[in-house]
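Trainee: I have a new model open and would like to walk through it with you. Could we begin with one pairing and then work outwards?
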Amino acid sequence: MSSESRSAPGVGHAGPLLSARCTGCGKVSEKRTTEIVGERSRGSFQHVCHSCKCVTWWNVLRVLQEGESSGGVQ
Ligand SMILES: [Zn+2]
């Protein structure tokens, strides 16, 4: 059961688990998002940064865990 809430960026309970770098402060952290712009493995997304204390853009470094919605068979 998943709620389709798309109201705000930074709601990160679904999607693939990513290692990403904040473009604001350069911090590397693990985030979840379903709204990656560009390729999942090297795209960007908006997420809250606790160092910047606001929503910033993050660049994907690598995919740590695939999301449920992918259904990917390699
Ligand atoms: Zn930051």
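Mentor: Let us begin with β3 and β4, which pair in the antiparallel sense over 6 bridges. Please keep in mind throughout that this is a predicted model.

Trainee: Which residue of β4 does S44 stand opposite?
Mentor: S44 stands opposite N59 in β4.

Trainee: And how many residues sit between the strands in the hairpin of β3 and β4?
Mentor: That hairpin has 4 residues between its strands, and within it K53 takes a positive phi near 60°. K53 has this positive phi although it is not a glycine, and its place is in the loop between β3 and β4.

Trainee: Is K53 buried or exposed?
Mentor: K53 counts as exposed, because it has 9 C-beta neighbours inside 10 Å, and a residue with 12 or fewer is put in that class.

Trainee: Stepping back, what elements does the chain have?
Mentor: The chain has 4 strands and 0 helices, so that from the N terminus on the elements run β-β-β-β.

Trainee: In what order do the strands lie in the sheet?
Mentor: The order is β2-β1-β4-β3, in an open sheet of 4 strands with antiparallel pairing. β2 and β3 stand at the edges, and because each has a single partner strand, one side of each is left without a neighbour in the sheet. On average, neighbouring strands of this sheet are turned by 50° against each other, if direction is ignored.

Trainee: What holds strands together in a sheet, in general?
Mentor: Strands of a sheet pair through backbone hydrogen bonds, and the pairing can be parallel or antiparallel.

Trainee: OK, now β1 and β4: how many bridges join them?
Mentor: There are 6 bridges between β1 and β4, and the two strands run antiparallel. Looking at particular residues, C22 has W58 as its bridge partner in β4, while L17 has Q65 as its bridge partner in that strand.

Trainee: Changing topic, which residues make up the largest nonpolar core?
Mentor: That core has 8 residues in all, namely L18, A20, C22, I36, F45, C49, W58 and V60. The elements giving two or more residues to this core are β1, β3 and β4, and the largest share, 3 residues, comes from β1.

Trainee: Why would such residues end up together?
Mentor: As a general tendency, nonpolar side chains in soluble globular proteins are buried together.

Trainee: Pick one core residue for me: what does V60 touch?
Mentor: If residues up to four places away in sequence are not counted, V60 touches L18, A20, I36, R40, S41, R42, G43 and S44. Of these, L18, A20 and I36 also belong to the largest nonpolar core, as V60 itself does.

Trainee: And how much of the chain counts as buried?
Mentor: Of the 74 residues of the chain, 18% count as buried.

Trainee: Then where is V55, and how exposed is V55?
Mentor: V55 has its place in strand β4, which covers residues 54-65, and V55 is partly exposed because 14 other C-beta atoms lie within 10 Å. The C-alpha atoms of V55 and F45 are separated by 10.0 Å, and these two residues are 10 residues apart along the chain.

Trainee: What about E30, over in β2?
Mentor: E30 counts as exposed, because it has 12 C-beta neighbours inside 10 Å. E30 and A20 are 10 residues apart in sequence, and their C-alpha atoms are 6.2 Å apart in space. Leaving aside neighbours within four places in sequence, E30 is in contact with L17, L18, S19 and L64.

Trainee: One last residue: where is G38 found?
Mentor: G38 is found in the loop between β2 and β3, and G38 is exposed, with 11 other C-beta atoms within 10 Å. Apart from neighbours within four places in sequence, G38 is in contact with G43 and S44.

Trainee: And what share of the contacts comes from residues far apart in sequence, say 24 or more positions?
Mentor: Among contacts in the chain with a separation of 6 or more, residues 24 or more positions apart account for 50%.

Conventions
Residues are numbered from 1 along each chain as its sequence is written. This is a predicted model: local features need pLDDT of at least 70, side-chain atom pairs count only at pLDDT 80 or more; totals for chains, interfaces and linings use all residues. A residue is buried if 20 or more other C-beta atoms lie within 10 Å of its own, exposed if 12 or fewer, and partly exposed in between; C-beta atoms are placed from the backbone. A nonpolar core is a set of buried Ala, Val, Leu, Ile, Met, Phe, Trp, Tyr and Cys residues joined through C-beta atoms within 7 Å. Two residues are in contact if their C-beta atoms, placed from the backbone, lie within 7 Å. Two strands pair if DSSP finds at least two bridges between them. Axes are lines fitted to C-alpha atoms, for helices over the stretch in contact, and angles run from 0 to 180 degrees between N-to-C directions.
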